[in-house]
Protein chains: 2
Amino acid sequence: RIMPEETTSRPHIVTCTAPVNIAVVKYWGKRDEDLILPISSSLSVTLHQDQLKTTTTVAISTSFKVDRMWLNGKEEDITHPRLQSCLREIRRLARKRRNDGEPDSTESTGLSHKVHICSVNNFPTAAGLASSAAGFACLVYSLAQAFGVEGDLSGIARQGSGSACRSMYGGFVQWIMGNRDDGKDSIAQQVEPESHWPELRILVLVASAKRKPIGSTSGMQTSVQTSVLLKHRAESVVPHRMDKMIKAVQKRDFAAFAEITMKDSNQFHATCLDTYPPIFYLNSVSQQIIHLVHRYNGHYRESRVAYSFDAGPNAVIFTLQQHVPEFVRVVQHFFPPDTNGEDFIKGLPVKGAAISEELKEAIGLEPTPNGINYIISTKAGPGPCIIEDSSQHLLSPDGFPKKVTGSNPS
Amino acid sequence: RIMPEETTSRPHIVTCTAPVNIAVVKYWGKRDEDLILPISSSLSVTLHQDQLKTTTTVAISTSFKVDRMWLNGKEEDITHPRLQSCLREIRRLARKRRNDGEPDSTESTGLSHKVHICSVNNFPTAAGLASSAAGFACLVYSLAQAFGVEGDLSGIARQGSGSACRSMYGGFVQWIMGNRDDGKDSIAQQVEPESHWPELRILVLVASAKRKPIGSTSGMQTSVQTSVLLKHRAESVVPHRMDKMIKAVQKRDFAAFAEITMKDSNQFHATCLDTYPPIFYLNSVSQQIIHLVHRYNGHYRESRVAYSFDAGPNAVIFTLQQHVPEFVRVVQHFFPPDTNGEDFIKGLPVKGAAISEELKEAIGLEPTPNGINYIISTKAGPGPCIIEDSSQHLLSPDGFPKKVTGSNPS
């Protein structure tokens, strides 16, 4: 039990949530490691926080001696350079705001105030979902609320984790690479809000990975250094693909959206294979899911389903609402789970469906029992939110964690 | 039992052998499907025929009514366009030779003569080794002998199977892509003979493939149509890589040879993944072999071993003679065969060797029993050869197969 320090005033406390996002035009490769500036633009779909979110509480007080942070119940080293970048940039904006003579919106924007940060994910770390985007987006959003900072914060979130900038907005979001050396023009922008395409559904197929793959930070460094195909992709393929993807989203053209999504996922993994030594994120289950999707679409002679794979084993499936029940049934057929199917599907409810023998034959894969652990059924959702209900704070009124478990939930 | 037809004269019979070759700068993609003209140059090592070869007997006679062909004991359709291309081109050269007034070198260059062709491989089809290169090289070489045609024949072999042109020479061979529309400058040339680098050794790790992968002909068509990375590779990467590879071979610089070989294999498979729908030739065993090689080299802080994968599951390993015993032992440790090891290694004898615990730990893979069926130990070898011993003919003096088994020898 950590005891509260001597306090001179009650801490100012805010709690916010932020979403995970899945890139459909992938980000891979930095042109500046410190500022986290990418070699190409990217575009993502923000996932709904009802299924996947990070919650962060920030407390600021003159009584705190040092900045501290607790992540999933465990105290983390706050001196990590990327955490420090976010803290420094938020304080710089707060100072700028004060120097510009704007009235303080809260009583707590004192720049000498130290912060306590407490953050949890509502999904297990073991799911292998990249939590750094939601985590840094939530951190920056919460800090900004606490210090009374407004305006676009994606450029600060970017300095925590590149893809975090895209989690600062809901719906369909592009990260414009920018050209400036100081990175001021490398920011995220909403292309369309989540309400724009209500039929779009997202299924995260959580794979049972045996080995931990190489991390994205060091992976993309090696790719930038060694892959000539990545350089060509960044310079000559992505700009055109961004234009096409934005148009597909704006027109809600699922066939175009699906094709670019799959091609871009494949090309990202191709550049990983062109890296030296090569990086493999796709395993045999991933390959089977890719075959399954192409044969499923081939059977119906239209792109009803698209896959996307990040720097890990999970498949993210995009489809339209009306195709979800059948496709989920197909996945369940070819990756039969040990469970009776109740626990297999999490998130948005999925209706039961039958699948025809013709479809099974058209797909024609050998079933792989337990190849997929479970499915998270979700959709596009909003950007970061403020939680007004103070009972939801992760920090007590004294500014210390309400409960310290010492290990990850899950 | 096929009975000989009525004969008016004894057939003129020749028997030749031709080698398999393994590309270290890969050929993938045609700019002309009929003439088989590639979108980039390539470079290969010709494997020794003591381990892997095709043997072909050609008989020509005025008494034969039609051209016929037997492949591994089974009669094949001679009207296949690529077979017809080779036959037509050899007859054209024979006619040209006669019209140029050169004396016939044999009594049998009559252009009205029909041919009987009989061909066998000394390796099982099930080994998954691309037999078309050796097969077409042997066919063209044997036909040329029978019809008394001389000079470079790689341009004709190319029209049977692209990579067959490289099997027309021994040692280290480049296929120069050429620029002409008629393909006359798209030919193979020997870079160095097999005697140039006697320490070089080649291990074919024959994998146990479950599914037959997509064929190279249709695979490369789809890649040319859909992969933007393949276009970039052909135009901007391969020319430079060819120069570097030729220099590495000339200088017997194994480290450079190994690095280009591995990078080029990876880039070829990257373009397969960038193909839409994507093509996978590397399975989980391939991925493990790639990891194993990089960790093996990493342990010794030098490139002692290189891998190369074609459009199939087999790994081809290049190394120097002194490293063969240990590396084979490493492969046997991480891919333990059911057999006691006697049958595991075929071809050139491999001495026993011990491996250290440090090395095993440095590689640190989970062993995969029976991931590799067996190893063929071989080296660089000569180009096609004439077999003078008439007892080796696959056709009887009457021009029909000595024995028709009706199935592959396997």
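Two strands count as paired if DSSP finds at least two bridges between them, and on that footing the strand E12 of chain A, in this predicted model, can be described through its partners. E12(A), residues 200-207, pairs with strand E14 (residues 315-320) of chain A in the antiparallel sense over six bridges, and within that pairing Val204(A) has Val316(A) as its bridge partner in E14(A). E12(A) also pairs with strand E16 (residues 372-379) of chain A, again antiparallel, over seven bridges, where the bridge partner of Val204(A) is Ile376(A).

The strand E12(A) is mostly covered, since eight of its eight residues are buried. In a regular strand the side chains alternate between the two faces of the sheet. Here Leu200(A), Ile202(A), Val204(A) and Val206(A) point one way, while Arg201(A), Leu203(A), Leu205(A) and Ala207(A) point the other way, and all of them are buried.

**Confidence**

The average pLDDT of chain A is 91, and 91% of the residues score at least 70. Residues 1-7 of chain A have a pLDDT below 50, and this stretch has 13 contacts in the model beyond near neighbours in sequence. For residues 404-410 of chain A the pLDDT likewise stays under 50, and the model has 12 contacts for them beyond four places in sequence.

**The two chains**

Two copies of a chain are related by a rotation about an axis and a shift along it. For this pair, a turn of 180 degrees with a shift of 0.0 Å along the axis lays chain A on chain B with an RMSD of 0.0 Å, which means that the relation is that of a two-fold axis. The C-alpha of chain A nearest the axis belongs to Ala270(A), at 2.1 Å from it. The same surface serves both copies, in that 100% of the contact residues of chain A recur in chain B.

Between the chains, 26 residues of chain A are in contact with 26 residues of chain B. The size of an interface is often given as the accessible area lost when the parts come together. For chain A and chain B the buried area is about 2,600 Å², of which carbon and sulfur atoms give 67%. In chain A, the residues that lose the most area to chain B are Leu229(A), Tyr276(A) and Phe280(A), together 25% of what that side buries.

His269(A) lies in helix H6 (residues 254-273) of chain A and is buried, with a relative accessible area of 3%. Not counting residues up to four places away in sequence, His269(A) touches Tyr281(A), Leu282(A), Phe309(A) and Asp310(A), as well as Leu273(B) from chain B.

**Backbone geometry**

Most residues other than glycine have a negative phi, and most peptide bonds are trans. The table lists departures from those habits in this model.

| Site | Feature and value | Location |
|---|---|---|
| Tyr276(A) to Pro277(A) | cis peptide bond, omega near -5 degrees | Pro277(A) in the loop between H6 and helix H7 (284-300) of chain A |
| Tyr276(B) to Pro277(B) | cis peptide bond, omega near -5 degrees | Pro277(B) in the loop between helix H6 (254-273) and helix H7 (284-300) of chain B |
| Ile36(A) | positive phi of about 55 degrees | loop between strand E3 (30-32) and strand E4 (37-38) of chain A |
| Asn72(B) | positive phi near 50 degrees | loop between strand E7 (68-71) and strand E8 (74-76) of chain B |

Ile36(A) counts as buried because its relative accessibility is 1%, and Asn72(B), at 9% relative accessibility, counts as buried too.

**Cysteines and a loop serine**

A search of the whole structure finds zero disulfides over all chains. The cysteine sulfur nearest to that of Cys16(A) is the one of Cys138(A), 6.1 Å away, and Cys16(A) is in no disulfide. A disulfide would require the two sulfur atoms to lie within 2.5 Å. Cys16(A) counts as buried because its relative accessibility is 0%, and Cys138(A), also at 0%, counts as buried.

Ser131(B) lies in the loop between strand E9 (114-121) and helix H2 (132-147) of chain B and is partly exposed, with a relative accessible area of 27%. Leaving aside neighbours within four places in sequence, Ser131(B) is in contact with Asn121(B) and Phe123(B). From C-alpha to C-alpha, Ser131(B) and Lys53(B) are 8.7 Å apart in space, although they are 78 residues apart in sequence.

Conventions
Residues numbered from 1 in each chain as written. Chains lettered and ligands numbered in written order. Predicted model: local features only at pLDDT ≥ 70, side-chain atom pairs only at ≥ 80, totals over all residues. Heavy atoms only, no water. Buried < 20%, exposed > 50% of the residue type's maximum accessible area, 1.4 Å probe, protein only. pLDDT = per-residue confidence, 0-100. Contact = heavy atoms within 4.5 Å. Least-squares fit on C-alpha atoms with pLDDT ≥ 70 in both. Helix = DSSP H or I, 4+ residues; strand = E, 2+ residues; numbered from the N terminus. Buried area = accessible area lost by both parts, 1.4 Å probe.
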